[in-house]
Each structure stands twice: as structure tokens, then as C-alpha cells.
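I open this notebook to record what I looked up in one chain. The entries go from the whole chain to its parts.

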Amino acid sequence: MCPSRPNERLVIGLDPLKGLNGDPRVTDTQVRQTGPRSIGYLFCAADGMDSRGMADEIMASMRACLDMCECQQVICTVRHVPFLEPSPNTGKVERWVPFRV
């Protein structure tokens, strides 16, 4: 079941890429909990890749994964970005960003 409290993570253990892990088309990823029942998936694509097609593929995989976990009410978005900003604290890209009020 999906949590309903805003400070709880929705996607612990979620692997929205499934078989795309290690795929050379994807160079970097980040999952952000954007609200109590919403997540956003950001990804960087390798040069020359069809980012729109990849976004559709990732979205379908993410939706199927959420539906399988009985999280049909969770809103998810997928967006291609040219780069991901590193955390000012660590200098590294955060892979999972929890919801912050």
C-alpha cells in the first residue's frame, strides 16, 4: 500500500527503469517525491538518443510498477533534463529526493 502521510517516501524499492538499469542510453537519474502522492523522475540521455521515446518508455514502466504495488492514485511524471544539479552539501547528485514541505 502507498503511504498517505506527506513525509513518508512513496517509492522505497521502486525500480522504474526495470530492465533499463545499466542501459547506455541513460546517463543519470533522479527520483523526487514532489507531493504526498506524486513523484517525478528526471533522467539524462546519452548524446543522440531519442529522449521523448525514452520518456514514454520510462513512464509506462513506472506506471506499471506503481499499479502493481497498488499505488494507482500516485501521480508520476517523467522528464528529460540536460543535466542534474549536484547537492551543494555533498557535491553528488541525489538519487532519491524525499518530499520536503
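The entries below cover the basis of the model, the overall make-up, the strands and the helix.

**Basis.** I worked from a predicted model, in which local features need pLDDT of at least 70 and side-chain atom pairs count only at pLDDT 80 or more, while totals for chains, interfaces and linings use all residues. Residues are numbered from 1 along each chain as its sequence is written, and side-chain values use heavy atoms, with hydrogens and water left out.

**Overall make-up.** I looked up the secondary structure and found one helix and four strands. Helices (H or I, at least four residues) and strands (E, at least two) are DSSP runs, numbered from the N terminus. Along the sequence their order is β-β-α-β-β. I noted that 41% of the 101 residues count as buried; buried means under 20% relative accessible area, exposed over 50%, and partly exposed in between, with a 1.4 Å probe and protein chains only. I also looked up contacts (heavy atoms within 4.5 Å). Of those with a separation of 6 or more, 61% are between residues 24 or more positions apart.

**Strand E2.** I asked how many residues of E2 are buried. Eight of the eight, residues 38-45, are buried, so E2 is largely enclosed by the rest of the structure. Ser 38, Gly 40, Leu 42 and Cys 44 point one way, and Ile 39, Tyr 41, Phe 43 and Ala 45 point the other way.

**Partners of E2.** Two strands pair if DSSP finds at least two bridges between them. E1 (residues 26-35) runs antiparallel to E2, joined by eight bridges, and Gln 30 stands opposite Leu 42. The hairpin from E1 to E2 passes through two residues. With E3 (residues 75-80), E2 pairs in the parallel sense over six bridges; there, Ser 38 has Ile 75 as its bridge partner.

**Helix H1.** I checked the length of H1, residues 51-68: its 18 residues should span 26 Å at 1.5 Å a residue (1.5 Å times one less than the number of residues), and the end C-alpha atoms, 25 Å apart, agree with this. Which residues of H1 are buried? They are Met 54, Ala 55, Ile 58, Ser 61, Met 62, Cys 65 and Leu 66. They cover an arc of only 135 degrees around the axis (taken from the directions from the helix axis to the C-beta atoms), which puts them on the same side of H1. These buried residues pack against E1, E2 and E3. On the other side, Arg 52, Asp 56 and Met 68 are exposed. I noted lastly that Glu 70, just after H1, takes a positive phi of about 60 degrees.
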